[in-house]
Amino acid sequence: MLALCVVVLIPVGFYMIVSHYGVVNMPPRYYPDSVVTVMKDGKAVTDTAWRKVKNIVLQNQLGETISLDQLKGKVIVTDFFFTHCASICPILMRNIKRLQDGLKLKDDMKRIDTTFVQFLSFSVHPTRDSVPAIKKLADRYAVNSDVWWLLTGPKKTIYDFALHELRLDLRDSVSVDSNFVHTDYVTLIDKDRVIRGYYHGTDTAALTKLADDIVFIMLEKDKKRKSIFTELKPLMIPFVIIILGTIGGVVYFSRRQKKSEFI
């Protein structure tokens with residue numbers, strides 16, 4: 001009976017604590033499209049439709065034509081660079097490389113599945129940054145093309161994506177405009193293509209926070225799918241009462257049996 005308590009009651013107790021207090025501070029969502037308030041079980045419930053990043057089609061360092069639509073179910077991390085940059089870009093590339101290698105290490109230790117993550121680095125000088133040019137840069141930084149793509153293509157396509165989809169001009173109005181995007185901001189996008197965070201890619205502490213948020217989003221529950229705990233929640237209290245009653249009955253009859261044997 002003690003073993004039964006340990007196996008059943010402790011996990012149930014932890015689940016109830018986590019679900020009630022929300023121990024993990026999940027990354028927020030950005031830019032609501034609409035907010036609708038509906039009545040559910042006599043309570044006003046707010047349902048927010050979050051703005052989703054639109055698709056984009058470009059070429060990666062391998063000369064392959066790729067799109068965001070290929071990355072369904074993946075967490076996406078974006079940044080911007082150009083191959084002849086000598087200021088923030090080398091720092092940014094090295095830090096993304098550390099993040100790539102750090103997640104690979106966790107994958108080797110079976111802690112997370114890195115196939116959930118895709119790094120996208122967009123060239124902001126695509127007329128100069130041809131496929132061979134970005135391939136050379138990718139080789140210099142030992143970029144793993146399975147999880148990290150350096151991208152080039154039409155300048156208007158890339159700049160529209162930076163300004164209208166990622167809205168980097170709202171984060172960095174000094175370094176981002178329609179003429180040139182030169183920012184160290186890294187953007188985190190979840191598997192539903194909703195923006196979940198902005199981070200300074202040249203700041204080590206910010207990159208550590210980004211690594212944590214990637215893991216949190218990967219483990220995030222799909223709200224459209226009901227958890228088994230949600231379905232069993234109405235039965236938890238009666239179940240706990242039954243278990244405790246059973247334990248009490250066993251203890252009571254054990255004591256009576258010991259008294260009768262003593263007599």
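Biologist: Let's start just past helix α3. Which residue there takes a positive phi?

Modeller: That residue is A142, with a positive phi of about 50 degrees, just after α3. Keep in mind as we go that this is a predicted model.

Biologist: Thanks! Is A142 a glycine or not a glycine?

Modeller: A142 is not a glycine, although its phi is positive. To place it, look at the loop between α3 and β7, a strand covering residues 148-151.

Biologist: Is A142 buried, partly exposed or exposed?

Modeller: To read this feature, take the relative accessible area: under 20% is buried, over 50% is exposed, and partly exposed lies in between. A142 has a value of 45%, so it is partly exposed.

Biologist: Where is R193, which also has a positive phi?

Modeller: R193 sits in the loop between β8 (185-189) and β9 (195-200). Its phi is near 65 degrees, and R193 is a residue other than glycine. With a relative accessible area of 17%, R193 is buried, whereas A142 is partly exposed.

Biologist: Back to helix α3, please. Which of its residues are buried?

Modeller: Helix α3 runs over residues 131-140, and its buried residues are V131, I134, L137 and A138. Now imagine looking down the axis of α3: these buried residues fall within an arc of 125 degrees, so they line one face of the helix.

Biologist: And which residues are exposed on the other side of α3?

Modeller: There you will find P132, K136 and R140, which are exposed.

Biologist: I would like to try a strand. Where does T48 lie?

Modeller: T48 lies in strand β2, residues 43-50. Its relative accessible area is 24%, so T48 is partly exposed.

Biologist: Which residues is T48 in contact with, leaving aside its neighbours within four places in sequence?

Modeller: For a contact, look for heavy atoms within 4.5 Å. With those neighbours left aside, T48 is in contact with P32, S34 and V35. You can also compare sequence with space: T48 and V36 are twelve residues apart along the chain, and their C-alpha atoms are 6.3 Å apart.

Biologist: May we do a loop residue too? Where does S175 lie?

Modeller: S175 is in the loop between α5 (168-171) and β8. It is partly exposed, with a relative accessible area of 26%. Leaving aside its neighbours within four places in sequence, S175 is in contact with F180, V181, H182 and T183. As for Y185, it is ten residues from S175 in sequence and 10.0 Å away in space, C-alpha to C-alpha.

Biologist: How many disulfides does a search of the whole structure find?

Modeller: Zero. Here you would look for a pair of cysteine sulfur atoms within 2.5 Å. While we are on cysteines, C85 is buried, at 9% relative accessible area, and C89 is buried too, at 4%.

Biologist: Let's zoom out. How many helices and strands are in the protein?

Modeller: The protein has seven helices and nine strands. It has 263 residues, and 38% of them count as buried. About 15,900 Å² is exposed, with carbon and sulfur atoms supplying 59% of that area.

Biologist: What share of the contacts with a separation of 6 or more comes from residues 24 or more positions apart?

Modeller: Those pairs account for 68% of such contacts in the protein.

Note on methods: Residues are numbered from 1 along each chain as its sequence is written. This is a predicted model: local features need pLDDT of at least 70, side-chain atom pairs count only at pLDDT 80 or more; totals for chains, interfaces and linings use all residues. Side-chain values use heavy atoms; hydrogens and water are left out. Buried means under 20% relative accessible area, exposed over 50%, partly exposed in between (1.4 Å probe, protein chains only). Helices (H or I, at least four residues) and strands (E, at least two) are DSSP runs, numbered from the N terminus. The arc is that of the directions from the helix axis to the C-beta atoms. Accessible areas come from the Shrake-Rupley method with a 1.4 Å probe; for residues, only the protein chains shown count as cover.
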